[in-house]
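Look through the sequence and the model below before reading on. The explanation goes from the overall chain to its strands, its nonpolar cores and its charged pairs.

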Amino acid sequence: MNSPDWETLEKYKGTCLPHWSCENAIYHVTFRLADSIPQVQRKQWLRERELILESSAYKKRNLTKEEKERLKFLLSRKIQKYLDAGHGECLLREPATAGIVKAALEYFNGQRYYLHAWSIMPNHVHVIVEPIAGIRISKIVHSWKSFTANRINRQLGRKGQLWQHEPFDHIIRSEKEYLFLVEYVWSNPEKAGLKNCPRWRKE
């Protein structure tokens, strides 16, 4: 895989999450339906994170790099387990709505980005994607979410927010991490019990 050009790294803060982008990078992106994680549950996880940080502050020491990575991992694992349990309306369970997302992901493949892997779950979407030089990952994800929200709402005769505002995006830092995440994205449907559903993923 390509090595990210770290000299071009930019960091910007979203509503709740920090985001990074740089040239020559491959990203793991997850975006989810608005009702997939209730706000109460999300606040509980954030409070748990705060308690860990407060405990470190009480001991008058900073978190080590390993502790920060562990904290990040534990929180993301909890969120993923919750998503895979299928909370919310799970509008993407239906082939017609999943098909709209599939078509949107594939539409500019090879023109604005290269898709390495993706899977569409009942209430969230995973994508391993490599933007073409000069195109920001934030623009790509915004395009996917905006187009699919309009099409799905129109098809279902509904209004209002479809996706949660802020996606999760992560720069893949090594070949080992790349292989792990591609396998994770490919196997996510089976681990969540969605067997024999070829529309759910790209290999």
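The paragraphs below take the fold first and the side chains afterwards.

This is a predicted model. The protein chain holds five helices and seven strands, and their order along the sequence is β-β-β-α-α-α-β-β-α-β-α-β. The chain has 203 residues, of which 38% count as buried. Among contacts between residues at least 6 apart in sequence, 66% join residues at least 24 apart. The chain exposes about 12100 Å², and carbon and sulfur atoms supply 54% of that area.

A useful place to begin is β5, which covers residues 124–131. Eight of the eight residues of this strand are buried, so β5 is largely enclosed by the rest of the structure. Its side chains point two ways: His124, His126, Ile128 and Glu130 to one side, and Val125, Val127, Val129 and Pro131 to the other. Residues on both sides are buried, and Glu130 is among them.

Which strands pair with β5? One is β4, which runs antiparallel to β5 and is joined to it by seven bridges. These two strands form a hairpin, with three residues between them. Within this pairing, Tyr114 stands opposite Glu130. The other is β3, also antiparallel to β5, with six bridges between the two. Here Val29 stands opposite Val127, and Thr30 stands opposite His126.

The strand β3, residues 27–32, is mostly covered as well, with six of its six residues buried. Tyr27, Val29 and Phe31 point one way from β3, while His28, Thr30 and Arg32 point the other way. Besides its pairing with β5, β3 is joined by four bridges to β6, residues 168–171, and these strands run antiparallel. The bridge partner of Tyr27 in β6 is Ile171. Taken together, β3 has bridges to β5 and to β6, while β5 has bridges to β3 and to β4.

The next topic is how the nonpolar side chains are grouped. In soluble globular proteins, nonpolar side chains tend to be buried together. The largest nonpolar core of this model has 28 residues. Those with the most contacts inside it are Val125, Val127, Val129, Trp144 and Trp163. The three valines in that list point the same way from β5, together with Pro131. At least two residues of the core come from each of β3, α3 (95–107), β4 (113–120), β5 and α4 (137–156). The largest share is that of α4, with six residues. Another core, of nine residues, lies apart from this one and includes Tyr178, Leu181, Val182 and Tyr184.

Val129 gives a view of the surroundings of β5. Leaving aside neighbours within four places in sequence, Val129 is in contact with Ala25, Ile26, Tyr27 and Val29, among others. Its contacts also include Tyr113, Tyr114, Leu115 and His116, and further along the sequence Ile137 and Trp144.

Which cysteines are buried, and how many disulfides are there? Cys22 counts as buried at 9% relative accessibility, and Cys90 is buried with a relative accessible area of 4%. A search of the whole structure finds zero disulfides.

The charged pairs remain. Side chains of opposite charge can pair when their charged atoms come close. Two salt bridges are found in the whole structure. In one, the side chains of Glu10 and Arg136 meet, at 3.1 Å from N to O. This pair links distant parts of the chain, 126 residues apart: Glu10 is in strand β1 (residues 10–13), and Arg136 is in the loop between β5 and α4. Glu10 is partly exposed, with a relative accessible area of 40%, and Arg136 is partly exposed at 36%.

The other salt bridge joins Glu106 to Lys102, with the closest N and O atoms 3.2 Å apart. Both residues belong to helix α3; because they are four residues apart there, about one helical turn separates them. Glu106 is partly exposed, with a relative accessible area of 34%, and Lys102 is partly exposed at 29%.

Technical notes
Residues numbered from 1 in each chain as written. Predicted model: local features only at pLDDT ≥ 70, side-chain atom pairs only at ≥ 80, totals over all residues. Heavy atoms only, no water. Core = buried A, V, L, I, M, F, W, Y, C linked by side-chain atoms within 4.5 Å. Buried < 20%, exposed > 50% of the residue type's maximum accessible area, 1.4 Å probe, protein only. Contact = heavy atoms within 4.5 Å. Pairing = 2+ DSSP bridges. Areas by Shrake-Rupley, 256 points an atom, 1.4 Å probe, with all protein chains shown as cover. Disulfide = S-S within 2.5 Å. Salt bridge = Lys/Arg side-chain N within 4 Å of Asp/Glu carboxyl O.
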